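The following exercises concern strand pairing, helix packing and backbone conformation. Each task is followed by a solution in steps.

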Amino acid sequence: MLAFLRRSFASLPLSLLALFFLALSGSLGLLYSWVSLPDLQAVRQGIYGRNEMSEFVLQATLARLSLLRYGLLAVAVGATATLVYMVRSGRFRSEIEELRQQFREVSRGVVRAVQHTSRTEKLLAILLLLGILGLRLYYFRVYPLSTDEVATYDYFVRGGPVAITSFYPIPNNHMLFSLSCWVVSWFTADDGLVLRLPTLLISLVGTLAAYTALIRVTNFRMATLAVGLFCLSPMSLYYAVAGRGYFLLIVLALGQFFAMLAILHAPRYARLGWGAFIMTGVLGLYTIPTYAYPLVSLGFWMGVVFLRRRNLAGLRRLTAAAVLVAAGALVAYGPVMCVSGLNSVTDNQYIAPQTLREFWQSYGLYLYKPARELFGHEQLSAPGFVVLLAAALLGLPILPHRWRRVALPAVVLVLLPFVFMPIQRVYSPARVLLYGTFFFFLGVAALGEWVLQRLRVSRPLALAGIGALLSLYGIYQAAHFRYSVRGAQTQDQQLRQAYAWLRPRQARRVYFDAPFHKLYFHHYALTTGYPLWLFEATSAQGTRYDYVVLFRGQTTLPAWLTAGYRPVYSDAGATIYQALAPPAAPPAPTPAAAPRAGK
């Protein structure tokens with residue numbers, strides 16, 4: 001057994017991985033070395049005290065906190081012991097130098113590939129990237145904050161690192177991304193900048209890195225088609241600026257994809273590839289648990305290739321990598337399991353498993369919905385996706401080997417989630433599958449490049465055609481996306497008008513049966529320091545409130561409302577009722593913002 005473990009881990013970059021695990025466990029260990037149960041309750045009260053979330057009960061106990069601290073300490077000690085052994089044996093310095101040299105060679109190869117493109121190709125690339133950046137900046141400015149962004153800011157980022165790394169009342173907490181937002185909050189209190197600046201920077205750097213790396217492993221035209229079509233698709237345009245972790249997930253999935261290519265097809269960079277594969281796997285799961293889709297898909301493809309090659313050593317390393325990724329995820333989610341409970345992560349209340357019969361009855365119809373959201377056309381998205389994916393599959397055997405080894409795993413990444421969903425018996429939202437659209441367009445781009453070469457289209461004409469295609473596609477998607485922007489702006493205006501009407505009336509206690517209004521009113525009050533207390537249907541209805549907010553269109557009103565309140569404001573989104581009797585005295589003042597534990 002020891003010999004098996006030694007052979008499995010020997011080819012991995014142990015020095016780099018030990019540093020990674022020491023940084024992960026050490027930072028969490030330092031954070032939770034001083035946190036007590038009263039501290040956790042104080043942070044929870046600061047975040048949820050005015051916006052009722054009674055279903056979120058902290059699961060932390062003294063025994064759990066002690067177990068968390070000792071577990072993190074054990075991982076840190078193990079990583080430190082590994083580093084000491086590597087240093088004393090002389091392997092640390094040589095291994096780090098080897099990794100540095102490999103990274104330098106990979107970077108130089110990417111730079112050379114970009115330098116070898118023609119002036120026309122460079123001009124096309126610059127125009128494409130500027131167009132993408134311009135659209136992202138425009139949507140950054142005009143698209144209002146969504147409900148998920150507001151929840152991320154109010155429930156996690158404002159609470160500081162303790163809330164971010166341990167509170168999981170709803171699946172909105174994309175922890176690695178939320179930590180990046182918390183860092184930005186050191187420098188600005190603007191909620192839009194705090195949430196969206198990290199995404200904008202991640203999408204900018206990730207797009208450039210993916211584009212240049214694709215030029216290196218394929219060619220300029222394939223890379224331009226794949227990156228252009230993906231970045232101009234509607235959901236990609238939105239999540240490239242929205243304050244959520246989905247674009248970070250995409251960047252990490254792409255990094256792991258290129259690491260997989262290095263492991264399978266560039267043995268001289270295998271050690272660097274294994275290190276990148278393991279670390280991006282852990283960070284991806286720490287961003288969003290649904291990163292398991294690309295992670296398992298890549299692992300499956302690597303296993304197939306190793307089996308086909310009868311590479312038992314590769315299978316051992318893959319097994320070791322899987323163990324390390326699982327261990328890293330366990331360390332990262334340790335605070336969540338201690339404070340919020342394991343069920344908070346594994347039981348997604350918004351995506352409940354169905355019976356097999358229920359699942360298969362609607363699975364075909366479900367597939368139309370994510371296709372429309374991902375590709376932007378109501379009628380053509382689903383059939384277009386099926387036709388182009390089928391064409392890419394049929395074209396794989398005739399592609400040159402250099403392209404096929406990139407396109408084939410890309411298609412596998414697109415298809416396997418549709419196998420995982422029946423196993424889970426859940427319909428994953430379109431945003432969970434967003435990463436797959438990049439790999440779909442990569443497969444389509446490979447087929448398109450083969451057609452161009454088969455027809456012997458001249459290079460200038462091919463570049464002009466690609467430029468025209470991307471221009472028309474971008475114009476169409478931007479024109480179509482304006483309806484989503486207008487709808488969001490209209491809703492935002494209604495919410496702000498309703499709050500602007502309520503705010504001068506010095507409301508303190510407000511009952512809501514309008515979830516959007518409750519979320520946004522709470523956000524407006526928090527960001528302006530106004531002491532507004534909010535209640536909802538789970539509140540005791542024997543208490544009187546200053547105002548009651550109901551969503552517009554509710555026809556059956558509760559008896560306690562009609563007897564004690566009168567309508568005073570109405571718009572297309574909600575109706576506000578005012579108490580007939582004098583309003584209740586406001587509660588004792590509490591801090592306006594959640595304590596930033598650990599800052």
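**Exercise 1: The sheet**

Task: Determine how E4 is joined to strand E5 (residues 574-579) and where E4 sits in its sheet.

Solution. Five bridges link E4 with strand E5, and the two run antiparallel. Strands are DSSP runs (E, at least two residues) and helices likewise (H or I, at least four residues), numbered from the N terminus; two strands pair if DSSP finds at least two bridges between them. One bridge partnership is that of Tyr569 with Ile576 in E5. The open sheet has five strands in the order E2-E1-E3-E5-E4, with mixed pairing. Its edge strands are E2 (533-535) and E4 (565-570), each of which pairs on one side only. From one strand to the next the twist averages 25°.

The model is predicted: local features need pLDDT of at least 70, side-chain atom pairs count only at pLDDT 80 or more, and totals for chains, interfaces and linings use all residues. Residues are numbered from 1 along each chain as its sequence is written, and side-chain values use heavy atoms, with hydrogens and water left out.

**Exercise 2: Helix packing**

Task: Classify the packing of helix H7 (residues 147-155) against helix H10 (residues 191-217).

Solution. The angle is about 105° and the axes are 11 Å apart. Axes are lines fitted to C-alpha atoms, for helices over the stretch in contact, and angles run from 0 to 180 degrees between N-to-C directions. H7 is therefore roughly perpendicular to H10 (a class covering 65 to 115 degrees; under 35 is roughly parallel, over 145 roughly antiparallel, the rest oblique). H7 contributes Glu149, Thr152 and Tyr153 to the contact, and H10 contributes Asp191, Val194, Leu195 and Arg196 (contact means heavy atoms within 4.5 Å).

**Exercise 3: Phe551**

Task: Is Phe551 buried, partly exposed or exposed?

Solution. Phe551 is located in strand E3. Its relative accessibility is 37%, so Phe551 counts as partly exposed (buried is under 20% relative accessible area, exposed over 50%, partly exposed in between; 1.4 Å probe, protein chains only). Beyond its neighbours within four places in sequence, Phe551 is in contact with Asp513, Ala514, Gly573 and Ala574.

**Exercise 4: Positive phi**

Task: Describe the setting of Arg310 and of Arg425.

Solution. Arg310, not a glycine, has a positive phi of about 55°. It lies in the loop between helix H15 (292-309) and helix H16 (312-332) and is exposed, at 75%. Arg425 has phi near 60°, in the loop between helix H22 (417-424) and helix H23 (434-454). Arg425 is partly exposed, at 30% relative accessibility.
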